[in-house]
Structure formats: structure tokens, C-alpha cells
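Good morning, colleagues. Please take a moment with the sequence and the structure before I begin.

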Amino acid sequence: MKQVSILFFILLVGAFANEAFAQKKDMAVACFKSSMDCANCESTLTEYLKFEKGVKDLKVDHASNTILIEYKANKNTEKDLAKAIEKKGYKAEKISKAKYDEIVTASKKQGQGHSH
């Protein structure tokens, strides 16, 4: 009986792990170069975009003028997310994840040189 319980537990854990993997698989990432110029712009876009369909994670940064959106691919598209950004009056130039990482890294390095 104990072996049956252990086997059931292993199958149950495996089912949950598989479900989590399946959810992650449906995720997509969109990266944009934008035209924000202050923290208020960043806040406006963050508040607006977090309510777009399928959005699960969001990184809006006015210092590097970048936006990274992780979303459910079956709920939204890159094109529609770009339209949402533009609807708020900002540029939404599609960039690759590699380009996004490069811009954010350069922006952080640049920001470290300033003293306030």
C-alpha cells in the first residue's frame, strides 16, 4: 500500500510539473525600443500594459527606453502590443531580445558613472 501511495505522489508531482512546463511553453516575449523621457512615461505605460490580454511579466524602463513584455502567445500578439504602446503616444520599435539586453546593459553602465 505504501508503494502505491509513493507512486501516486510521484505521478501527481509529475503532472503538476508538466502543467507548469506547458504554461511556460505558451509564453512569448516581445521587446521594443520606445520614446519615453521620464518616470511618469514609464509609469503610464506600465499601468496601461499590465492590463493588456495575456501579459504575465513586464519591464518598462525609461532610462534605456526599452519595454520587455512576456505574454501568453494564444492571448495576444507582438503587433497588438505594439499598437497598445502607440495608442498611448509612444514609439514601439520591435527589437530582438539580444538587442534589448545590449541596450539595457549599456544603459546601466552609463547610469553608474553619474553621481547625484
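Leaving aside its neighbours within four places in sequence, which residues is Lys-56 in contact with? Before answering, I should state that this is a predicted model. The contacts of Lys-56, with those neighbours set aside, are Met-27, Glu-70, Tyr-71 and Lys-72. Lys-56 itself belongs to strand β2, which covers residues 55-61. Is Lys-56 buried or exposed? Its relative accessible area is 52%, and the cut-off for exposed is over 50%, so Lys-56 is exposed. One further distance may help you to place this residue: the C-alpha atoms of Lys-56 and Val-29 are 10.0 Å apart in space, while 27 residues separate the two in sequence.

Let me now step back to the protein as a whole. Four helices and four strands make up its elements. Read from the N terminus on, their order is α-β-α-β-β-α-β-α. The protein has 116 residues, of which 29% count as buried. As for contacts between residues at least 6 apart in sequence, 65% of them join residues at least 24 apart.

I turn next to a pair of helices. Helix α2 comprises residues 39-49 and helix α3 comprises residues 78-87; their axes come within 10 Å and cross at roughly 135 degrees. How should we describe the orientation of α2 and α3 to each other? An angle over 145 degrees would count as roughly antiparallel, and 65 to 115 as roughly perpendicular; α2 and α3 are therefore oblique to each other. The crossing in which α2 passes α3 is right-handed. On the α2 side, the contact is made by Leu-45, Tyr-48 and Leu-49, and on the α3 side by Ala-84, Ile-85 and Lys-87. Sorted by class, this contact of α2 with α3 has five nonpolar residues, one charged residue and no polar residues.

Staying with helix α2, I would draw your attention to Cys-41, which lies in that helix. Cys-41 has a relative accessible area of 9%, and is therefore buried. Setting aside neighbours within four places in sequence, Cys-41 is in contact with Met-36 and Tyr-90. Cys-41 and Val-60 are 19 residues apart along the chain, and their C-alpha atoms are separated by 9.3 Å.

Two asparagines in loops deserve a closer look. Where is Asn-76 placed? Asn-76 sits in the loop between β3, residues 66-72, and α3. Its relative accessibility is 7%, so Asn-76 counts as buried. A polar atom of the Asn-76 side chain lies 2.8 Å from the backbone oxygen of Lys-53. Not counting residues up to four places away in sequence, Asn-76 touches Lys-53 as well as Glu-52, Tyr-71 and Leu-81. Tyr-71 will be familiar from the contacts of Lys-56.

The second asparagine is Asn-65, in the loop between β2 and β3. Asn-65 is not a glycine, yet it has a positive phi of about 55 degrees. Is Asn-65 buried or exposed? With a relative accessibility of 17%, and under 20% being the cut-off, Asn-65 counts as buried. Which residues does Asn-65 touch, not counting those up to four places away in sequence? They are Phe-32, Lys-33, Ser-34, Ser-35 and Met-36. Met-36 also appeared a moment ago, among the contacts of Cys-41.

I close with Gly-111, which is found in helix α4, residues 97-112. At 41% relative accessibility, and with partly exposed lying between the 20% and 50% cut-offs, Gly-111 counts as partly exposed. Between Gly-111 and Ser-64 there is a separation of 47 residues in sequence, and their C-alpha atoms are 9.7 Å apart in space. Thank you for your attention.

Definitions and conventions: Residues are numbered from 1 along each chain as its sequence is written. This is a predicted model: local features need pLDDT of at least 70, side-chain atom pairs count only at pLDDT 80 or more; totals for chains, interfaces and linings use all residues. Side-chain values use heavy atoms; hydrogens and water are left out. Axes are lines fitted to C-alpha atoms, for helices over the stretch in contact, and angles run from 0 to 180 degrees between N-to-C directions. Angles under 35 degrees count as roughly parallel, over 145 as roughly antiparallel, 65 to 115 as roughly perpendicular and the rest as oblique. A crossing is left-handed if the near helix is turned anticlockwise from the far one by less than a right angle, and right-handed if clockwise. Contact means heavy atoms within 4.5 Å. Ala, Val, Leu, Ile, Met, Phe, Trp, Tyr, Cys and Pro count as nonpolar, Asp, Glu, Lys and Arg as charged, and the others, Gly among them, as polar. Buried means under 20% relative accessible area, exposed over 50%, partly exposed in between (1.4 Å probe, protein chains only). A polar contact is a pair of N or O atoms within 3.5 Å; within protein, one must be able to donate a hydrogen and the other to accept it, and residues adjacent in sequence count only if both atoms are side-chain atoms.
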